[in-house]
Amino acid sequence: MPEGPEIRRAADRLAEAVVGEPLTSAWFAFPALKRHEKSLRGRIVESIVPHGKALLTRFDHGWTLYSHNQLYGVWTVAAAGARPETGRSLRVALETAERAILLYSASDVEMWRSDEIHRHPFLMKLGPDVLDPALDADAVRARLLDPRFSGRNLGALLLDQGFLAGMGNYLRSEVLFAARIRPERRPRDLDTAETAALARELLDIPRRSYATRGIESAEGMRREYLTDTPDAFRFAVFDRETLPCPACGAKIRRLEAGSRRLYLCPRCQR
């Protein structure tokens, strides 16, 4: 499943294609949403923003489209009227005079009144988004020390969207390595310096990944790109089992934590 940085990059690309433009047509595969097709024609897409791994597409008549890609969903951008060749099932098509944004394979799609979308059951369970510019290290540190989270091992906690939305598996490995902390440890067992380091990396790693690395969908296909700059995000430990640690040269190890693979340096993360 794409993580927060990839979801936000996808939202940026969709927004660039259609935000500010009136819709010429709207189509939904789901019978419960068919009634919205006519009312969306001529409406302007005001914004497309993520919250965690959900996307919220807001229209100018007071309604918002909620979608979650889950494991198999993918949004793509195409020319108006075009439908890329794919074996996926089309679920949503929103078109302007020049561009179309198309959602394939997803099943978690709903329309909500914009002033009520915060009550969506999934959104209500989410913690603050790690890519929200308003979120700072002090707020993250406070969540680490919150009794709801402080007694849980970090390997599991960093995958809990109720703690911080937008975190995921590769981010978990990279954050713990950057903070030099083992996944078995709990927030309440960390000293002040370790807590500060973890809070800082929980923001810095996802934001650097978003700024310099991502997975986008082009014509229904995924492609990965990496900006070639000195500060570009690159995996230090994730998916690098037996390769040398970039900090100390020890062999990277793979563990299973929370039924997901996790990578660490046994020397740096004691």
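At what angle do helix α6 (residues 169-179) and α7 pack, and how far apart are their axes? Keep that in mind while we set up the view.

This is a predicted model, in which local features need pLDDT of at least 70, side-chain atom pairs count only at pLDDT 80 or more, and totals for chains, interfaces and linings use all residues. Residues are numbered from 1 along each chain as its sequence is written, and side-chain values use heavy atoms, with hydrogens and water left out. Helices (H or I, at least four residues) and strands (E, at least two) are DSSP runs, numbered from the N terminus.

**Stop 1: α6 against α7**

Select α6 and α7: they pack at about 130 degrees, with their axes 9 Å apart. Axes here are lines fitted to C-alpha atoms, for helices over the stretch in contact, and angles run from 0 to 180 degrees between N-to-C directions. The two helices are therefore oblique to each other; angles under 35 degrees count as roughly parallel, over 145 as roughly antiparallel, 65 to 115 as roughly perpendicular and the rest as oblique.

Now show side chains. Contact means heavy atoms within 4.5 Å. On the α6 side you will find Tyr-170, Leu-171 and Glu-174 among the residues that meet α7, whose own contributors include Leu-198, Glu-201 and Pro-206. By class, this contact divides into 11 nonpolar, 1 polar and 2 charged residues. For that count, Ala, Val, Leu, Ile, Met, Phe, Trp, Tyr, Cys and Pro are nonpolar, Asp, Glu, Lys and Arg are charged, and the others, Gly among them, are polar.

**Stop 2: α4 against α7**

Keep α7 (residues 192-212) and add α4 (residues 137-145): their axes come within 9 Å and cross at roughly 120 degrees. That makes α4 oblique to α7. Pick out Ala-137, Val-140, Arg-141, Leu-144 and Leu-145 of α4, which make the contact with α7 residues including Thr-195 and Leu-202. The class count here is 9 nonpolar, 1 polar and 1 charged.

**Stop 3: the sheet**

Next, select the strands in the order β1-β6-β7-β5: this is an open sheet of 4 strands with antiparallel pairing. Two strands pair if DSSP finds at least two bridges between them. At the edges sit β1 (25-28) and β5, each pairing on one side only. From one strand to the next, the twist averages 15 degrees.

Begin at the β1 edge, where 4 bridges join β1 to the antiparallel strand β6 (residues 90-95). Ser-25 has Glu-95 as its bridge partner in β6. Ala-26 and Phe-28 point to one face and are buried, while Ser-25 and Trp-27 point to the other and are not. Buried means under 20% relative accessible area, exposed over 50%, and partly exposed in between (1.4 Å probe, protein chains only).

Cross to β5 (residues 74-79), where 5 of the 6 residues are buried. This strand runs antiparallel to β7 (residues 99-104), and 6 bridges join the two. Ala-79 has Arg-99 as its bridge partner in β7. Add α1 (residues 4-18), which lies across β5 and β7 and runs at about 30 degrees to β5.

**Stop 4: His-36**

Finally, center on His-36 in helix α2 (residues 36-40). What does His-36 touch, not counting residues up to four places away in sequence? Its contacts are Phe-28, Trp-63 and Met-111. His-36 is buried, with a relative accessible area of 3%.
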